[in-house]
Amino acid sequence: MRGLSLNAENFDTQFTPADIDANSPFTNLTDYVRPDGFGFNNRFLLANKPVEGITREYVRNFVHVIRARPSDPSTTYYCTYGVPTLLTDPLPTSTITYSSFTVIGNAFTIIQGQPTSYDLSESVVTLSANPATLQILTQITFVGRQVLGPGILSDTRTQLGSASGTSTLEDNVQSFVGPLEGNFVRVGDSAFGGWFFGPQGREAGYGFGIQGQTETGAPLTFTGAVTARR
C-alpha cells in the first residue's frame, strides 16, 4: 500500500499472507498485521468474506491503518473495491433504490477531555439513483457503539446525528462525488464518493468523510465506507 499520510508523509507498506493474524479480534475481515518496529501495528483489513446474512457479489470494503513515522498519529483509510459497473452497461432507466447496506467506519470526538471513538457499523443508510436526472441521493443516520478496545464495543447505542448528500453523474466518468450536510457544525471538507458495481449497478459503494464539531465545540469527525445492494 502506497500513499500520503495526513501529514503528507509518504508510506509504502507491503503485506503478505505471512502477515495474516489468525487470532484477530475483527470478524468478517482478513487481518494483515505488520509491526513498524516502534510499537505500532500497521494493518490491512480486507473484507473478502461477506457479512453473514448479507449478499455481496461485486463489492467489498477494506481498511488500512498506517503510521508513516513514529512521531505521526495513525491514519485510517476506508475504501470500497470490486467489479465496477462499466459505462457501456448503463443503469436501468427507472429510479434505483438500494435496500441492503453495510457500514464500516468510526466517529471520533472528545468527551470530558478524553478522546473517544465510536464504531458506526449499525448506522442506517438510504441510497437511490435516478438515471433520468442523473442524481444520486444518500442519507446516513449515525448510530455509534463506543470502542472499548480492539474488537470490543459498548452495548450502548448512541445517536450521533445524520448527514445527507447529493451527487450528479457525469458522462464518461466512472465515479461520483458530492458534499455531505448534516445536523452538525461543519469545520472542514465533508463529502462522499464512490461508484456502482456489477451489471447495471446491481451493487454500489462509497466512502465518506465529515469534519465537524459538536455544539459545545468538541471535534466530531466521521470516516468510513458503505456498500449497498438492490
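F62 is buried in this predicted model, and its relative accessible area of 14% falls under the 20% that marks the limit for a buried residue. Y81, by contrast, is partly exposed, because its relative accessible area of 28% lies between the limits of 20% and 50%.

The structure holds 11 aromatic pairs. In one of these, F62 and Y81 form a tilted pair, with 6.0 Å from centre to centre and 50° between the planes. This pair links distant parts of the chain, since F62 belongs to strand β5 and Y81 to strand β6, 19 residues apart. F62 and Y81 also belong to one aromatic cluster, which is completed by F15, Y32 and F44.

The rings of F176 and F192 form another pair, with centres 6.0 Å apart and planes at 55°, so this pair is tilted. It too links distant parts of the chain, with F176 in strand β14 (residues 176-182) and F192 in strand β15 (residues 185-197), 16 residues apart.

The table brings together the accessibility of the residues in these two pairs and of A204.

| Residue | Relative accessible area | Class |
|---|---|---|
| F62 | 14% | buried |
| Y81 | 28% | partly exposed |
| F176 | 3% | buried |
| F192 | 1% | buried |
| A204 | 1% | buried |

In soluble globular proteins, nonpolar side chains tend to be buried together. Here the largest nonpolar core has 30 residues, and those with the most contacts inside it are L120, F142, F176, F196, Y206, F208 and F222. A second, separate core has 8 residues, including L29, F40, A47 and V63.

Leaving aside residues up to four places away in sequence, F196 touches several others, among them P84, L91, I136, F176 and A204. A204 lies in strand β16 (residues 203-213), and its own contacts, counted with the same exclusion of residues up to four places away in sequence, include V59, Y98, L127, F196 and V226. A204 and G144, which are 60 residues apart in sequence, stand 23 Å apart in space from C-alpha to C-alpha.

The largest pocket encloses about 1300 Å³ of space. Its lining is made of 45 residues, of which F26, L29, I104, G105 and D119 lie nearest the centre. Several strands each supply at least two residues of this lining, among them β5 (59-66), β6 (75-82) and β11 (135-149), while β8 gives the most, with 7 residues. Sorted by class, the lining of the largest pocket has 24 nonpolar, 15 polar and 6 charged residues.

Definitions and conventions
Residues are numbered from 1 along each chain as its sequence is written. This is a predicted model: local features need pLDDT of at least 70, side-chain atom pairs count only at pLDDT 80 or more; totals for chains, interfaces and linings use all residues. Side-chain values use heavy atoms; hydrogens and water are left out. A nonpolar core is a set of buried Ala, Val, Leu, Ile, Met, Phe, Trp, Tyr and Cys residues joined through side-chain atoms within 4.5 Å. Buried means under 20% relative accessible area, exposed over 50%, partly exposed in between (1.4 Å probe, protein chains only). Contact means heavy atoms within 4.5 Å. On a 1 Å grid over the protein atoms alone, a cavity is a set of points where a 1.4 Å probe fits but cannot get out, and a pocket is an open set with protein on both sides within 12 Å along at least five of seven lines; lining residues have an atom within 4 Å of a point. Grid points are joined across faces, edges and corners, and a volume is the space filled by probe spheres set on the points. Helices (H or I, at least four residues) and strands (E, at least two) are DSSP runs, numbered from the N terminus. Ala, Val, Leu, Ile, Met, Phe, Trp, Tyr, Cys and Pro count as nonpolar, Asp, Glu, Lys and Arg as charged, and the others, Gly among them, as polar. Rings of Phe, Tyr and Trp (its six-membered ring) pair if their centres lie within 6.5 Å; planes under 30 degrees apart count as stacked, over 60 as edge-to-face and the rest as tilted.
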